[in-house]
Each structure stands twice: as C-alpha cells, then as structure tokens.
Amino acid sequence: MKMQLGNEKSVFEAGNLTVKMMKVKKSDACRPPAELLVVAPEAPGRYPVVLFCHGYCTQTSWYSQLLRHIASHGYILVAPKLYQWLVICKKDETKTAANVTKWLPEGLEACLAKDVKPDLSKTAVMGHSRGGRTAFALALGHHHAFKALVGLDPVAGPTPPTWVEPRILSHVPRSLDVGMPVAVVGTGLGSRGKGGGLIPPLAPDGCNHSEFFNESRPPCCYFLAKEYGHCDVLDDEGLGLGMACRSGKGCKEKMRRGVGGVVVSFLHAYLGGDCRILDGVVAAPAVAPILLDPVIYVKE
C-alpha cells in the first residue's frame, strides 16, 4: 500500500483512508503484554507501524483524534496502557513499552483486519509528555526495532514524579545518540505555570522539548507550537488537565491537526523515504493550521 502523499497542506487534513479504532485486552487471543489501543486503516494493505507512549495521568483514548489523523495517512498506531491511573512504579512504563515492542512481530497482525498487514521493517516510536521520555528511553534500549523517533512535548522531570529512570538528558549538546532520525514538537506555553506560580509547569525549562532537541544528534527537526500548551494535543475529554497547566486560546482541533501533520510529514520522510513534504513544511511552516515558530531542521 503506497503512503498517501500530496502537497504540504494535505498532511494537515485527514488522509484518504478510513480508520478503525479498537481496544485490545491482555486476555484477547493475541495476548498482548498490556492493554492496547490500536488505530489502523480499514483498507487492505501493508502499513508502517508507530508505537505510541501516552503521558502521565492521561489515557490512550484521550489521543484518539491525533492517532486517527496519523492512521488516516497510512499508518498503524499501537498505544499501550502504561500506567494504572496514578499508580506508578519505578521503570515500569519503559519495561511495559519494551515488552510490547518485543510482542509486535508475533502478535500485532492477529489484532488487525484480515487483509491489513503491519510492515514492521518500518516502525517508529512516539510519545507525549512523560511518554516522550519513555519513547527516547525505548529508542536507546531497542534501537534495532525502530527507524524513527518522535517526541511530543517530551518531559524528563523534575515533575511529575522525580524518579524517572533511565536518565536521558545530560545537558551536553548533540550528545544524545539514539541511532535514528528524531523529531521534537514543543509547546510555547508548556514551560509556564499557572495561578501566579502556585501551579508549576508540566514541561519546565531544562528538561523539556528544547533540551531534548538540543541534545539529539542529526538528523533531527524541531517544531514549536508557539501559542499552545502542554495538554492541548489531547481530545476535548482530556482537556480537564488544563486545570493543571496553561492552555492556549486557539482552536484545539487545529492543534491536533497541526501536530498530526508534522508527524505525518516526518514519518513520510523517514519511514517512507520521501522528504519532499517535510522539506516543504520546514521551508514554509505557514501551511500548518497553527503557528510553528521556530522550525529547525538539522540534517547532518
């Protein structure tokens, strides 16, 4: 199945493929090591795979619009449940994600429609917030399994919890070698607290998107959603977290399409081998439905 390629604006709109979203339980016949949310095209074909790590205090279903957008452009999204709501143990999320990574070759195809096949030779890992840090940790420990890495407003600490292992950031520029291309999408408001400083930011400076990008080795690209907050990529039902973080005043549906389009352009480049749309978005970020400023692409 050929990827859905077009002009730069097309990636910011829903793709041509109808998608199906399904929950897969650990007790199901395919026996995943964790409960999964799987979003995949319905049309017969062979599609690249994206393992998605959700953020702390969120649910996989709160990302459904973002995941649907990406899947409609010809990708299978697999989102494991990494936390039991607010209960968390040291290292558990990375271990769970690693177990799902190992399970993909033996179990994913059984979860899909009969004529929908995963192309695991083209697999990426992506995560939001603390899940972004998990995605980086997974790429470092299982780099052979992935071809590309996406961090959506990734956070490595200090809050929430401070016991995040393994340590990812060293504060040394271009020292983080994950062995694959990296895209980082940040938010302009994520580093700001609320209530006159009474509520600390969820993506504080020094351990947020800018540090992940600054430490990543090329090829790496960076997009800042300047007018939006840390939780604005979530579905409307998840925006209650906005009480704990600063939120942008703009349309959240545009934010989801903006982030989704950036991700699709990056995946087309590094899983599909066609960099034209990514190059176009970098050259003319005004094609996005949200303000992306700055946009940086370090190729080598």
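**Exercise 1. Ala183 in its strand**

Task: For this predicted model, determine in which strand Ala183 is found, and whether Ala183 counts as buried or exposed.

Solution.
Step 1. Ala183 belongs to strand S7, which covers residues 182-187.
Step 2. The relative accessibility of Ala183 is 2%. A residue is buried when its relative accessible area is under 20%, so Ala183 counts as buried.
Step 3. With neighbours within four places in sequence set aside, the contacts of Ala183 are Leu149, Val150, Gly151, Cys221 and Phe266.
Step 4. Phe223 lies 40 residues from Ala183 in sequence, and their C-alpha atoms are 8.0 Å apart in space.

**Exercise 2. The largest cavity**

Task: State how many cavities of 30 Å³ or more a search of the whole structure finds, and describe the lining of the largest cavity.

Solution.
Step 1. The search of the whole structure yields 2 cavities of 30 Å³ or more. The volume of the largest cavity is about 60 Å³.
Step 2. The lining of the largest cavity consists of His128, Leu152, Asp153, Val185, Thr187, Gly229, His230, Val233, Met255 and Val259.
Step 3. By class, these lining residues comprise 5 nonpolar, 4 polar and 1 charged.
Step 4. At least two lining residues come from each of strand S7 (182-187) and helix H5 (252-270).

**Exercise 3. Positive phi values**

Task: Locate Ser129 and Asp153, and give the phi of Ser129 and of Asp153.

Solution.
Step 1. Most residues other than glycine have a negative phi.
Step 2. Ser129, which is not a glycine, has a positive phi of about 60°. Ser129 is placed in the loop between strand S5 (116-128) and helix H3 (130-141).
Step 3. Because its relative accessible area is 11%, Ser129 is buried.
Step 4. Asp153 has a positive phi near 45° and is likewise a residue other than glycine. The loop that holds Asp153 runs between strand S6 (148-152) and S7.
Step 5. The relative accessibility of Asp153 is 2%, so Asp153 counts as buried. Asp153 is also one of the residues that line the largest cavity.

**Exercise 4. Cis peptide bonds**

Task: Give omega for the cis peptide bond between Pro218 and Pro219 and for the one between Asp293 and Pro294, then place Pro219 and Pro294.

Solution.
Step 1. Most peptide bonds are trans.
Step 2. The bond joining Pro218 and Pro219 is cis, with omega about -5°. Pro219 sits in the loop between helix H4 (209-215) and strand S8 (220-225).
Step 3. The bond joining Asp293 and Pro294 is cis, with omega about 5°. Pro294 is part of strand S9.

**Exercise 5. Tyr297 and its surroundings**

Task: Identify the strand that holds Tyr297, the residues that Tyr297 touches, and the polar contact between the side chains of Tyr297 and Tyr270.

Solution.
Step 1. Strand S9 (residues 292-298) contains Tyr297.
Step 2. Tyr297 has a relative accessible area of 17% and is therefore buried.
Step 3. Residues up to four places away in sequence being left out, Tyr297 touches Cys220, Cys221, Tyr270, Leu278, Asp279 and Val282.
Step 4. The side chains of Tyr297 and Tyr270 are joined by a polar contact of 2.5 Å.
Step 5. Tyr297 and Ala283 are 14 residues apart in sequence; the C-alpha to C-alpha distance is 9.6 Å.

**Exercise 6. Thr60 and helix H1**

Task: Establish where Thr60 is found and which residues of H1 are buried.

Solution.
Step 1. Thr60 occupies the loop between strand S3 (45-53) and helix H1 (64-71).
Step 2. Thr60 counts as buried because its relative accessibility is 12%.
Step 3. Beyond its neighbours within four places in sequence, Thr60 is in contact with Leu37, His54, Ala79, Pro80 and Lys81.
Step 4. In H1, the buried residues are Ser64, Leu66, Leu67, His69, Ile70 and Ala71. Since 6 of the 8 residues of H1 are buried, the helix is largely enclosed by the rest of the structure.

**Exercise 7. The protein as a whole**

Task: Report how many helices and strands the protein has, and what share of its residues is buried.

Solution.
Step 1. The protein has 6 helices and 9 strands.
Step 2. Of its 300 residues, 57% are buried.
Step 3. The protein exposes about 12400 Å², of which carbon and sulfur atoms supply 53%.
Step 4. Among contacts between residues at least 6 apart in sequence, 77% join residues at least 24 apart.

Key: Residues numbered from 1 in each chain as written. Predicted model: local features only at pLDDT ≥ 70, side-chain atom pairs only at ≥ 80, totals over all residues. Heavy atoms only, no water. Helix = DSSP H or I, 4+ residues; strand = E, 2+ residues; numbered from the N terminus. Buried < 20%, exposed > 50% of the residue type's maximum accessible area, 1.4 Å probe, protein only. Contact = heavy atoms within 4.5 Å. Polar contact = N/O pair within 3.5 Å; in protein donor to acceptor, adjacent residues only side chain to side chain. Areas by Shrake-Rupley, 256 points an atom, 1.4 Å probe, with all protein chains shown as cover. 1 Å grid on protein atoms, 1.4 Å probe; cavity = no way out; pocket = protein on both sides within 12 Å on 5 of 7 lines; lining within 4 Å. Points joined across faces, edges and corners; volume = space filled by probe spheres on them. Nonpolar A, V, L, I, M, F, W, Y, C, P; charged D, E, K, R; others polar.
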